[in-house]
Amino acid sequence: MAPESVTQDRIYRTLKDEILAGHIDPHARIDIQRIADQSMASPTPVREALCRLVGESLVEPHPDGGFRIALPDFHGLTSLYIWTGQQLLAALHLSSAAAIRQAMAGVPEFRTGLEPVELAESTSTTFETIAGASGNREFVAAVQRSNERLQYFRLAEPRLFGDLERELRTFFRNGTIDVKTNVRRRVIAYHRRRIEHASQLYALVQTLTATP
């Protein structure tokens, strides 16, 4: 790989990590020169990295030039919740109960007192595990992309919902019951709840700033 490609890839990975950690102000223009200085690079690989993130719908052009975090509007948010839920249900439809149980058993137990970013990461892990039980990597890739696009909304969720840890654990309390039916119900309930509160979640994200 050419040195320029290595630099661009390094900046891309760093920027993506910062976005998923909520470290970039979702409403401010991304400072290309600052990132270039921090990365000890020219602005060119920074712009190239940001263009890659545009392709992943994590960044979008800023109206005044440059780039900013891509946040769906209210209707886009509702559509994204519906899409993610449908992808998970389709993956479940193709999965056997044994595969689902085995996949869910492989997820380490979540500790209590999770920070918002940890809750978001745990939710992503849960949904990608469900998608993975299908054995189809395309489902995993689709759910992962949806998870990333929903990250800032999930970071805002603790300000609206006070039971997120309990809600997440219900996906794993399968015991001897029909695991496929239980996980399916949990997926439907999770996404229905967010669709019903999409306007509130959208409003909360408008007040978000970068996390430390």
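The following paragraphs lead from the overall form of this protein to its interior and then to a few individual residues. The structure is a predicted model.

The secondary structure of the protein consists of eleven helices and two strands. Read from the N terminus, the order of elements is α-α-α-β-β-α-α-α-α-α-α-α-α, in which the two strands follow three helices and precede the remaining ones. The C-alpha trace extends over about 60 × 40 × 30 Å along its principal axes. What radius of gyration does the protein have, and how does this value agree with that of a compact globule? For 212 residues, a compact globule would have a radius of gyration near 17 Å, and the protein, with 18 Å, agrees with this.

The next topic is the surface and the contacts. About 10900 Å² of the protein is accessible surface, and carbon and sulfur atoms account for 52% of that area. Of the 212 residues, 44% count as buried. The protein carries 25 positive and 25 negative charges, and the mean positions of these two groups lie 7 Å apart. When contacts between residues at least 6 apart in sequence are considered, 76% of them join residues that are at least 24 apart.

The interior can be described through its nonpolar cores. The largest of them contains 40 residues, and Leu15, Leu50, Leu53 and Tyr152 are those with the most contacts inside it. Leu50 may serve as an illustration: residues up to four places away in sequence being left out, Leu50 touches Leu15, Ile30, Ile32, Val59 and Phe67. Apart from this core lies another one, of 17 residues, which include Met104, Phe127, Ala133 and Phe171.

A single helix residue offers a closer view. Thr84 belongs to helix H4, which covers residues 74-94. Is Thr84 buried or exposed? Its relative accessibility is 0%, and therefore Thr84 counts as buried. Setting aside neighbours within four places in sequence, Thr84 is in contact with Ser146, Leu150 and His191.

The loops present further cases. Between strand S1 (59-61) and strand S2 (67-69) runs a loop that holds Pro63. Pro63 has a relative accessible area of 62% and is therefore exposed. Its C-alpha atom lies 9.3 Å from that of Arg29, although the two residues are 34 apart in sequence. Gly66 lies in the loop between S1 and S2 as well. With a relative accessibility of 36%, Gly66 counts as partly exposed. Gly66 and Ile32 are 34 residues apart in sequence, while their C-alpha atoms are 7.9 Å apart in space. Beyond residues up to four places away in sequence, Gly66 touches Arg29, Glu60 and Pro61.

Two other loop residues concern the backbone angle phi. Which value does phi take in Met40? The angle is near 55 degrees, a positive value in a residue other than glycine. Met40 is situated in the loop between helix H2 (32-39) and helix H3 (43-55), and Met40 counts as exposed because its relative accessibility is 78%. Ser57 likewise is not a glycine, yet its phi is positive, at about 60 degrees. This serine is placed in the loop between H3 and S1. Ser57 has a relative accessible area of 25%, so Ser57 is partly exposed.

Definitions and conventions
Residues are numbered from 1 along each chain as its sequence is written. This is a predicted model: local features need pLDDT of at least 70, side-chain atom pairs count only at pLDDT 80 or more; totals for chains, interfaces and linings use all residues. Side-chain values use heavy atoms; hydrogens and water are left out. Helices (H or I, at least four residues) and strands (E, at least two) are DSSP runs, numbered from the N terminus. The radius of gyration is taken over C-alpha atoms; the globule rule is 2.2 Å times the number of residues to the power 0.38. Buried means under 20% relative accessible area, exposed over 50%, partly exposed in between (1.4 Å probe, protein chains only). Contact means heavy atoms within 4.5 Å. Accessible areas come from the Shrake-Rupley method with a 1.4 Å probe; for residues, only the protein chains shown count as cover. Lys and Arg count as positive and Asp and Glu as negative; His and the chain ends are not counted. The place of a charge is taken as NZ of Lys, CZ of Arg, CG of Asp or CD of Glu. A nonpolar core is a set of buried Ala, Val, Leu, Ile, Met, Phe, Trp, Tyr and Cys residues joined through side-chain atoms within 4.5 Å.
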